[in-house]
Amino acid sequence: KKITDTNGNGLTDVGDVIVYAFAITNTGNVDISDMTLTDANAVLTPNPATLLALPVATVDNTSIIASHIVTAADAAAGFVSNTATITGKSATGKVVSDTSDKASISGNAPTITPVVATVPVLTKTASKAEVKRGETVTYTITASNLVGGPFQITDIMPPGFGYIAGSATVNGIAATPVIAEPKLVFAGIMPVSGKILLKLKLMASTTLGGGKFVNNAQLIEPVTGNVIATAQATVMIMDEPVFDCSDIIGHVFDDKNANGYMDIGEPGLPGVRVVTLDGTLITTDSKGRFHVPCAAIPDASIGSNFLMKLDVRTLPTGYQLTTENPRDVRVTRGKITKLNFGAAINHEVRVDVTGKAFDKNSTELTAKWANGIDKLVDLLCQNRGTLLFVYHRDNDDTDLADARLSTLEDTMQFAWKSGTCSYKLKISSRVEEGK
């Protein structure tokens with residue numbers, strides 16, 4: 001026998017052709033005539049397959065062949081079994097016959113040919129792994145180990161990709177798909193040597209966000225509609241600074257009025273260091289400015305938060321922050337976001353107090369000290385600072401000393417809130433022994 005590998009896959013599978021050759025030998029002592037060869041599982045050539053005569057001790061091994069095309073049933077069984085029979089007559093009219101055997105003239109064993117059940121294979125590749133918005137990608141879909149046909153290939157485009165009309169070819173011939181987005185359907189394709197080669201081009205939308213985009217393909221048996229093989233190819237949309245990044249610009253400024261906002265005329269503070277979450281260190285320039293290029297690539301649909309911190313150790317001596325630290329701002333793709341830090345000089349005003357500031361054995365301030373509260377408010381308004389009351393107890397009762405300090409703090413807080421100062425005053429106090 002000889003096997004013709006019609007799909008070129010190196011296997012004996014569906015669609016391949018098994019060709020049988022016969023050697024017919026007269027082993028008797030009389031001539032045989034009117035011979036006919038039959039084979040129920042093959043097509044004979046010639047047909048009918050006859051020999052007029054076969055003399056004693058002669059062999060005919062060239063005049064008759066038979067062929068069998070491997071079927072799906074053969075593949076399911078795993079083999080092809082073939083048996084042929086030769087029948088003839090002697091000169092006296094006696095009918096003689098014999099059954100074929102591959103290995104022995106006297107045997108009757110069928111000829112067995114193993115068959116492999118072929119599994120269709122589908123692959124898909126992209127012409128590039130990384131793609132910019134607006135770029136074109138060529139996809140190549142290859143189906144192999146195909147038997148029969150026609151077949152259907154469906155390409156499922158990823159979101160944001162569009163088919164370029166006129167770009168598709170099937171086995172080198174221009175093809176037009178039926179478009180039902182996101183699907184491109186190529187129907188009625190006949191394999192060539194057991195293969196289908198489909199090429200097409202898709203364009204990435206200019207509005208796509210970054211990340212991975214998967215293009216899927218399906219090989220479909222059109223009679224049943226069954227998907228018999230799948231494949232996919234993945235491309236990465238690269239982030240682009242102009243469209244995807246969010247830049248941060250800002251100042252570290254001298255907050256003269258301590259209101260937390262950079263008002264007109266408030267200068268920047270040079271040489272102050274700010275830090276991002278990823279550890280990037282930036283130092284302000286001579287005008288207190290800083291810039292973080294492509295500080296973040298925010299979520300394309302809702303944006304993201306960006307956190308930044310100021311290193312207070314790098315502030316000029318005497319300065320304290322008047323704004324939050326760290327600061328959290330909302331950033332948007334392709335947009336510039338401002339982020340400022342304010343700081344102001346903070347003076348500590350210390351007021352030493354004794355029992356003479358109060359009425360005897362009372363927590364009420366004397367008239368002189370009560371009038372002095374308003375002067376203290378004016379002083380702190382003009383020069384931002386914190387206030388420290390130090391009460392020298394001497395022989396005063398401890399509870400009375402504490403009560404007097406509490407009165408001082410409450411009186412100062414009331415006066416401060418009643419005034420027009422723009423910042424929150426921090427007041428602390430303590431008791432010391434002696435005058």
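Let's start with a pair of charged side chains: R289 forms a salt bridge with D285, and their closest N and O atoms lie 2.9 Å apart. Keep in mind as you look that this is a predicted model. R289 has a relative accessibility of 40%, so R289 counts as partly exposed. D285 is also described as partly exposed, with a relative accessible area of 28%.

That pair belongs to a wider set, for the structure holds 11 salt bridges. Another of them joins the side chains of D311 and R273, with an N to O distance of 2.7 Å. Where do D311 and R273 lie? D311 sits in the loop between β29 (304-310) and β30 (319-321), while R273 belongs to strand β26 (residues 273-276), so this pair ties together parts that are 38 residues apart in sequence. How accessible are the two partners? Buried means under 20% relative accessible area, and D311, at 10% relative accessibility, therefore counts as buried. R273 is partly exposed, with a relative accessible area of 28%.

Now move further along the chain, to R350 and E432. Their side chains meet in a salt bridge at 3.9 Å, N to O. This pair links distant parts of the chain, since R350 is in strand β34 (residues 347-353) and E432 is in strand β36 (residues 427-432), 82 residues apart. R350 is partly exposed, with a relative accessible area of 41%, and E432 is partly exposed too, with a value of 24%. Which residues are linked with this pair in a network of salt bridges? The network is made up of R350, D352, R430 and E432.

From charged pairs, let's turn to helix packing. Two packed helices are described by the angle between their axes and the distance between the axes. Here the helices to look at are α3 (residues 367-382) and α4 (residues 398-418), whose axes come within 10 Å and cross at roughly 60°. With that angle, α3 and α4 are therefore oblique to each other. The crossing of α3 and α4 is right-handed.

Which residues make the contact? On the α3 side they are I373, D374, L376, V377, L380 and C381, and on the α4 side L408, T411, M412, A415 and W416. Sorted by class, the contact of α3 with α4 has 9 nonpolar residues, along with 1 polar and 1 charged. If you have the model open, D374 of α3 and T411 of α4 are among the contact residues to pick out.

Note on methods:
Residues numbered from 1 in each chain as written. Predicted model: local features only at pLDDT ≥ 70, side-chain atom pairs only at ≥ 80, totals over all residues. Heavy atoms only, no water. Salt bridge = Lys/Arg side-chain N within 4 Å of Asp/Glu carboxyl O. Helix = DSSP H or I, 4+ residues; strand = E, 2+ residues; numbered from the N terminus. Buried < 20%, exposed > 50% of the residue type's maximum accessible area, 1.4 Å probe, protein only. Axes fitted to C-alpha atoms, helices over the stretch in contact; angles between N-to-C directions. Parallel < 35°, antiparallel > 145°, perpendicular 65-115°, else oblique. Left-handed = near helix turned anticlockwise from the far one by under 90°. Contact = heavy atoms within 4.5 Å. Nonpolar A, V, L, I, M, F, W, Y, C, P; charged D, E, K, R; others polar.
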